[in-house]
Amino acid sequence: MSPLWRRRGIVRRRTPADAFGALFNHFRRVVTINNQILEKIADLERVLGGEYIYDIIFLQNAVTDIVEKGRHVIYHLNAMSDDRYHLLYERYTTTGDQLADILAGGPGPYGPMLVLEWEVLHRDLRHLAGGKGASLGEVVNSLELPSPVGFVVSTTGYRRFMEGNDLFNRINEILRQSADPSVQSTRISELFARARMPNDLASAISHALKKMRSGPLHPERFAVRSSGVDEDGERSFAGQFQSFLDVPAGEVATACIRVMASRFSERLCRYIDSGTAAEAAPMAVLVQPMVTARASGVLYTRDPNNPEAETLVLSAVMGPGENLVAGRDSGDRFVMDRNHPFTLLASNIGVPGPGGQEPAPDPMLRMPSGLRRGSGIVDVAHLRQLAEYGILLEKRLESPQDIEWCLDAAGNIWILQSRPLRLPACREAPTPDQLTAELAKLPVLMAGKGHICQLGLAGGKVVQVHEDTPAESFPVGGVAVSHYASPRLAEIVRRASAIITDIGSPTSHLATIAREYRTPALFGAEKATTLLPDGVYVMVDVEEQTVYEGKVELPIDLPRAAGLLPLISNREESMLRRLLRLISPLNLTNPASSAFRMENCRTVHDFLRFCHERAVAELISFHTSGKLVSGGGAPLLQTDLPVKLRIIDIGRGLDNPANDKRVTVEQVTSMPFRFLLQGLMDASFWDLEPAHFGIRDFLSGITRPLSMLTNTQPYSGENLAIIADNYCNLSLRLGYHFNIIDCYLSDESDDNHVYFRFVGGFAEAGKRERRAVMISQVLAGLHFKVEVKGDLVLGKVKMLERAHLESILVHLGELVAFTRQLDVKMVDDAAVEHFFSEFINRVGKIPEPGGV
């Protein structure tokens, strides 16, 4: 039956508590749908990893579901914020349309573009940027390694040129008339000599060139390089296409035509299969700023003569590297350990004679550079940096790499190309059972712990990290071990051979990043930071959830040996990779960054992350903004606490069917509130003796009520708990200080958070500030990120396993009780340590993550 007020036609006035209840329901939907989408994304990533067989219908259904659910997340965030984020709809619709285009077999969001900016390039854009452009896009945009940044005349631009001059039809006619490659190439070159650049393509190239020239480097000379779609693929096409160096700006367009024409050179006509249509093997063209090379070289991330050795090989020559790659100069040769710190194992320093002949006989011959024989062209620091770049590229591109590089006059390294390294056949790789048997011989450091986030088997030295660890300090190939699976560890995931965390789940943002980079990941292992000491070499077997101490040599083609290759290698796999490019990557990793804005959302994951963070902020700010300052007729909690506390139930937080004006602790069904009460009601933490104020405290205190009246604080309402089954917002006014604790507690660690705010007091400023320091130390011990401003303490912690968060809530309740009148006792700095120690002694050892 409907309430009496409704049956009598009375319009019930909407209270602030009603508004907060509605707000919380929207928040709950954001959290629920967010998790559903992340689970669906995780399924797609596992599919790509080879765990399941799939087809186009599966992809269509999964992506459609993700896109539709994402719209609901945006709707609920806007419902919480008075449509403050309405522009998200338009941006998200664009992303949805791009996904639909890929599902329909289209080229994706960049398909119509004649020229591609470097910022959009990645390895799954080979169909538009060619092999070289796609891999160099990965170098810059994914790994953030140095490479000359320019633009790409796309395969769409190439087709525009060819069709604008009717070249496909005319070339196919020539191919039909003659099977002689020499005749073919001669007649085709005549066609290119008469061809003209279409106006729209010429304009696009001119605009991109102007933008590049106005950039920070102001280049005036350019490298115009081939980037065939089939280049560096199953057939390498190495050295088959033409590239042009040191091209002035006014000749770039002409050089682009000459690169396109090289697709039909005599050697290409001989290289590709006879009868291949002109439209096949399309060409993209790279235009990059010219780098004046002091030294150049090639890096093989495996030794082609001994692929199974844990070594990489690097060659270097003075100046440009054309003679080296053409085989006319052997240069200096270095052999290095593939593992950090990339020790130099051997070197062969060569000094070319005139014209690139064999080394001159005089071992002390001075070269034009001033170096003598025995002096390496590249110093050890640069060798190690190059080795690090090589291993990062090998990991990201999932195969040993053949890398061309150069060193400029300022000592900067530039990556010019990275392509798969073709190696001779190795001995037969061990089977998964054989690898398991080898691992079983090693001591076990951790077993049966954690959630599988990304399958894999990897080895490396343990490096314990936290979210503020500088990524550049993390040794490439190390095994990262962290307390939290914070998205701010994304850069470290790219460098790590594996990552293990105490806390985290397979649907966390960092798990998505680990799957994107194929970094073996085990999250929620509870005590990894305790069980895995810094510097110990370990083997991580994610599937078995086991970490061993020691080393087992892994095969070069580990994914195939371990059964981790995708089960489908066709257009479905290519489509899935392109879809995930618009779904999985997380670019918004740090909410404190100025870049954490809705206009920077580029993927579905970005939209989810942004909406979740802003939804939490809306929930917290509702109360701190002063919109809800009274419990009104809300029931009063019956306890022995020296405070009166009213409760507003916004959803299954209180068992009070009779709407009693007083309720007991036993009637509280809100789990986070019950744990807070457990700490608050511990009488041993309450100091009920009258506070002893000094004259300065008194003088400070009597001025505070006036300031409160003239500058009302938003948290100055009565003691109030707004609760739901898995939520609690507790606002306390204890004397002259104010405390807010906002918490969401669930089985999904990614959703869990605690916000803690403490300010004020009666004592003089110095004493209040010391109490704030003491509170901040306790919060830091509970893994909060803490900010202290005078007597204001702000603490936040997120992504906690349920059991760990429950124990923290108990300690927060104890802390509130313990610090109620503590400010007047903080007479000097020594008191901070004294009362911190006293609190810890009363609490006992703060529980490790994973249990109370």
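Q: In this predicted model, what percentage of contacts between residues at least 6 apart in sequence join residues at least 24 apart?
A: The model is predicted. Take the contacts in the protein chain between residues at least 6 apart in sequence. The share that joins residues at least 24 apart is 66%.

Q: How many helices and strands does the protein chain have, and what percentage of its residues count as buried?
A: The protein chain has 25 helices and 28 strands. It holds 852 residues. The share of them that counts as buried is 55%.

Q: Which strands stand at the edges of the open sheet of 8 strands?
A: The strand order is β12-β19-β18-β14-β15-β16-β17-β13, with mixed pairing. An edge strand here has a single partner strand, so one side of it is left without a neighbour in the sheet. The two edge strands are β12 (444-447) and β13 (451-454).

Q: By how many degrees are neighbouring strands of this sheet turned against each other on average?
A: The sheet in question is the open one with the order β12-β19-β18-β14-β15-β16-β17-β13. Direction is ignored in this angle. The average turn between neighbouring strands is 30 degrees.

Q: Which residue of β15 is the bridge partner of Val465?
A: Strand β14 covers residues 457-465, and β15 covers residues 479-484. The two run parallel, joined by 4 bridges. In β15, the partner of Val465 is Ser482.

Q: Which residue of β16 stands opposite Val479?
A: β15 and β16 run parallel. They are joined by 5 bridges. Opposite Val479, in β16, stands Ala498.

Q: Through which helix does the chain cross from β15 to β16, and is the crossover right-handed or left-handed?
A: The path between β15 and β16 includes a helix of residues 490-495. That helix is α15. The β-α-β crossover is right-handed.

Q: Is β16 largely enclosed or open, and how many of its residues are buried?
A: Buried means under 20% relative accessible area. Every one of its residues meets that cut-off, so β16 is largely enclosed by the rest of the structure. The buried count is 6 of the 6 residues.

Q: Which residue of β17 stands opposite Ile499?
A: β16 and β17 pair in the parallel sense. Their pairing runs over 2 bridges. The residue of β17 opposite Ile499 is Ala521.

Q: Which helix makes a β-α-β unit with β16 and β17?
A: The unit is right-handed. Its helix covers residues 509-516 and lies across β13, β16 and β17. This helix runs at about 50 degrees to β13. The helix is α16.

Q: Is Leu439 buried or exposed?
A: Leu439 lies in helix α14 (residues 432-439). Its relative accessibility is 2%. The cut-off for buried is under 20%, so Leu439 counts as buried.

Q: How far apart in space are Leu439 and Glu553, C-alpha to C-alpha?
A: Leu439 touches residues that include Leu457, Met539 and Val552. In sequence, Leu439 and Glu553 are 114 residues apart. In space, their C-alpha atoms are 10.0 Å apart.

Q: What span should helix α24 have at 1.5 Å a residue?
A: Helix α24 (residues 802-818) has 17 residues, and 15 of them are buried. The expected span is 1.5 Å times one less than the number of residues. The end C-alpha atoms are 24 Å apart, which agrees with the expected 24 Å.

Q: How far does α3 reach from its first C-alpha to its last?
A: α3 has 25 residues. At its start, a side-chain oxygen of Asp55 reaches to within 3.3 Å of the backbone nitrogen of Ile57. The span expected at 1.5 Å a residue is 36 Å. The reach in the model is close to that, at 37 Å.

Q: What is the phi of Asp82, just after α3?
A: Most residues other than glycine have a negative phi. Asp82 is not a glycine, yet its phi is positive. Asp82 lies in the loop between α3 and α4 (87-103), and is exposed at 69% relative accessible area. Its phi is about 55 degrees.

Q: Where is Glu526, which has a positive phi of about 70 degrees?
A: Glu526 is not a glycine. It is partly exposed, with a relative accessible area of 32%. Glu526 is found in the loop between β17 and α17 (528-531).

Q: Is the peptide bond from His340 to Pro341 cis or trans?
A: Most peptide bonds are trans. Pro341 is found in the loop between β8 (332-337) and β9 (344-348). Omega for the bond from His340 is near 15 degrees. The bond is cis.

Terms used. Residues are numbered from 1 along each chain as its sequence is written. This is a predicted model: local features need pLDDT of at least 70, side-chain atom pairs count only at pLDDT 80 or more; totals for chains, interfaces and linings use all residues. Side-chain values use heavy atoms; hydrogens and water are left out. Two strands pair if DSSP finds at least two bridges between them. Axes are lines fitted to C-alpha atoms, for helices over the stretch in contact, and angles run from 0 to 180 degrees between N-to-C directions. Contact means heavy atoms within 4.5 Å. Buried means under 20% relative accessible area, exposed over 50%, partly exposed in between (1.4 Å probe, protein chains only). A crossover is right-handed if, with the strands pointing away from the viewer, the path from the first strand over the helix to the second runs clockwise. A polar contact is a pair of N or O atoms within 3.5 Å; within protein, one must be able to donate a hydrogen and the other to accept it, and residues adjacent in sequence count only if both atoms are side-chain atoms. Lists of a residue's contacts leave out its neighbours within four places in sequence.
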